[in-house]
Structure formats: structure tokens, C-alpha cells
Amino acid sequence: MDKLAYIEEERHMKIAIPSEGPEGLSAMRSGHFGHAQYFTVVEYDDDMNIVDVASVKNVDHDEFGCGGVIEFAMTLGIDGILTAGMGMPPLMRFTEAGITVFAERTLPNVGDAAKAFALGEVARMSPQDACAHH
């Protein structure tokens, strides 16, 4: 899929970016969504300008498991997740729930990833991009 296509398809989006801390756009990204300490929730207006940023403490993966993290993320009112890594089960559950998963693995900072998303520089995560967990 063309990377810019999601900008043309969807307007006024809210995405969650798995993060290591509560520092908003200056936070470091988490390498894997399920073990993220926080979700930085970024809301964009119709022109893909950032209009709101909130840091939300994630549930504990060890206590609630991957399913609990997925369920919690679904309560955030998001349209998508921008992640560096995610396994196949969460990818499928989010996709089935109408939440688009986007992959970006090079930018360590939440703000940089949020800007790349706004510019249409990230792609939807495909099943081939999902992490393998055994």
C-alpha cells in the first residue's frame, strides 16, 4: 500500500505510540507495544496537524498478559497504533477491531515518529512484518 494513502483515507485521526515514559512527544519509543510502560496518544486534525497529546500509563504486561494490553489499548478511542514491533495475535485483534497498525522501526523518539506519521512516511504493518513469538 502507498504510504500516503492513509492520510487520504482517514481524517482527524488518533493514534497510540508505545512509549517508555510519560514525556509526551519527547518520550522515547518502546521497542515492542506489549511491554510499553505508556502509550502516547496523539490526535491529528483533518490536515494532519497534531492537536492533542496525552501520556497514558499502560497496564502491566506481566499481570494482565498481552490480551490485557490489547484490551486496554482498545479503550483509548484510537484509530491506529504506530509501533516498532508487534506479534501476529495483537496485529490480528487490532485489525479485526478496526484499529490500523502502522510500523516504523527507525525513529527512537515519539515526536519524530508522530511527525513521520503525519507526513505519510510510515506504512501499515503487514502480517510479514509482525514479530515472531514462540
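Just after helix α3, Gly-98 takes a positive phi of about 85°. This is a predicted model, and helix α3, residues 88-96, is a good place to start reading it. The helix has buried residues, exposed ones on its other side, and a partner in one of the 2 salt bridges that turn up in a search of the whole structure.

**Helix α3 and what follows it**

- Pro-90, Leu-91 and Phe-94 are the buried residues to look for in α3.
- Looking down the axis of α3, you'd see these buried residues fall within an arc of 105°, so they line one face of the helix.
- Swing round to the other side of α3 and you meet Pro-89 and Glu-96, both exposed.
- Arg-93, also in helix α3, is partly exposed because its relative accessibility is 30%, and buried means under 20%.

**Salt bridge between two helices**

- Which residue does Glu-71 pair with? Glu-71 forms a salt bridge with Arg-93, and their closest N and O atoms sit 2.0 Å apart.
- Glu-71 belongs to helix α2 (residues 61-74) and Arg-93 to helix α3, so this pair ties together parts that are 22 residues apart in sequence.
- Glu-71 comes out as partly exposed, with a relative accessibility of 41%.

**Salt bridge between two loops**

- Arg-29 and Glu-104 bring their side chains together in a salt bridge, at 2.5 Å from N to O.
- This one links distant parts of the chain, with the two residues 75 residues apart.
- Arg-29 sits in the loop between β1 (14-19) and β2 (38-44), while Glu-104 is in the loop between β5 (100-103) and α4 (110-118).
- Is Arg-29 buried or exposed? Arg-29 has a relative accessible area of 10%, so it's buried.
- Glu-104 is buried too, again with a relative accessible area of 10%.
- As background, side chains of opposite charge can pair when their charged atoms come close.

**A nonpolar patch on the surface**

- Which residues make the nonpolar surface patch? Leu-25, Ile-50 and Val-53 do, and the patch covers about 180 Å².
- You'll find Val-53 in strand β3, which runs over residues 50-57.
- Val-53 counts as partly exposed because its relative accessibility is 31%, and patch residues need over 30%.

Note on methods
Residues are numbered from 1 along each chain as its sequence is written. This is a predicted model: local features need pLDDT of at least 70, side-chain atom pairs count only at pLDDT 80 or more; totals for chains, interfaces and linings use all residues. Side-chain values use heavy atoms; hydrogens and water are left out. Patches are made of residues with over 30% relative accessible area and no salt bridge: like charges are joined within 9 Å, nonpolar side chains (Val, Leu, Ile, Met, Phe, Trp, Tyr) within 5 Å. Accessible areas come from the Shrake-Rupley method with a 1.4 Å probe; for residues, only the protein chains shown count as cover. A salt bridge is a side-chain nitrogen of Lys or Arg within 4 Å of a carboxyl oxygen of Asp or Glu. Helices (H or I, at least four residues) and strands (E, at least two) are DSSP runs, numbered from the N terminus. Buried means under 20% relative accessible area, exposed over 50%, partly exposed in between (1.4 Å probe, protein chains only). The arc is that of the directions from the helix axis to the C-beta atoms.
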